[in-house]
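Let's take a quick tour of this protein model. Have the 3D view ready, and follow along topic by topic.

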Amino acid sequence: MNIYDDKTFTGQSFAGQTTRGGEYNNCTFKKCDLKESEFAQAKFIDCVFEDCDLSMMKWDRSALNNVVFKHCKILGVNFSHCADFLFSVEFEACILDYSSFMGKKMLKTKFLRTSLKETTFTQADLSGSVFDECNLLDTVFRQTNLTSVNFSTAYNFIIEPELNTINKAIFATHSLPGLLHKYNLKIV
């Protein structure tokens, strides 16, 4: 198994490749092409992906522990296939559309200025997370734990309180239509 410590990968293409195993500790991936690649049973610990394309990437049982994605294109990625143990990610200014976090435990996760169109959080635990200036158009929250989640600057979301746990979640007044959508009310 290859082990990489404190290594920076710049402008490398992993597109369409399959990598089995491997451990990446405190590594940085800058401007890398990872689209349609697969990392199977790999470990990413304290890593940063910056300006990378990870569209349609597969994480087959890989561990993501304290991994930060900045300015990345991450279309159609199923994070549900990542290892559950110590799963911890953060997204800043990313395009995370059509992805899935179904069933993931993601306490205090930060989503900052990120597009999450049609992303699925069904049966996930997002307790204490933040969606700061995030576009949640057609994002699915169903049987999701949203306890103490901050949605105060998020927009375009529809969340059904009856189908989710929203205790102590934070919403801005202007976002109330997203909570009451199914009642077909006119809010002025």
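Start with the cysteines: the sulfur of Cys27 has its closest cysteine sulfur in Cys47, 4.9 Å away, and that's too far for a bond. Keep in mind that you're looking at a predicted model, not an experimental one. Below are the cysteines in a bit more detail, and then the sheet.

**Cysteines**

- A disulfide needs two cysteine sulfur atoms within 2.5 Å, so the 4.9 Å between the sulfurs of Cys27 and Cys47 doesn't make the cut.
- Cys27 is also tucked away: its relative accessibility is 1%, so it counts as buried.
- Cys72 isn't in a disulfide either, and its nearest cysteine sulfur belongs to Cys52, 4.8 Å away.
- Like to check whether Cys72 is buried or exposed? Cys72 is buried, with a relative accessible area of 2%.
- The final tally by this rule is 0 disulfides.

**The sheet**

- Strands of a sheet hold on to each other through backbone hydrogen bonds, and they can do this in a parallel or an antiparallel way.
- Here, 7 strands build an open sheet, and their pairing is parallel.
- Going across the sheet, the strand order reads 2-5-8-10-11-12-13.
- Which strands sit at the edges? They're strand 2 (8-10) and strand 13 (130-132), each pairing on one side only.
- From one strand to the next, the twist averages 10°.

**A strand pair to zoom in on**

- Strand 11 (residues 89-92) runs parallel to its partner, strand 12 (residues 110-112), and 2 bridges link the pair.
- Look for Phe91 here: standing opposite is Phe111 in strand 12.

Conventions:
Residues are numbered from 1 along each chain as its sequence is written. This is a predicted model: local features need pLDDT of at least 70, side-chain atom pairs count only at pLDDT 80 or more; totals for chains, interfaces and linings use all residues. Side-chain values use heavy atoms; hydrogens and water are left out. Two strands pair if DSSP finds at least two bridges between them. Helices (H or I, at least four residues) and strands (E, at least two) are DSSP runs, numbered from the N terminus. Axes are lines fitted to C-alpha atoms, for helices over the stretch in contact, and angles run from 0 to 180 degrees between N-to-C directions. Buried means under 20% relative accessible area, exposed over 50%, partly exposed in between (1.4 Å probe, protein chains only).
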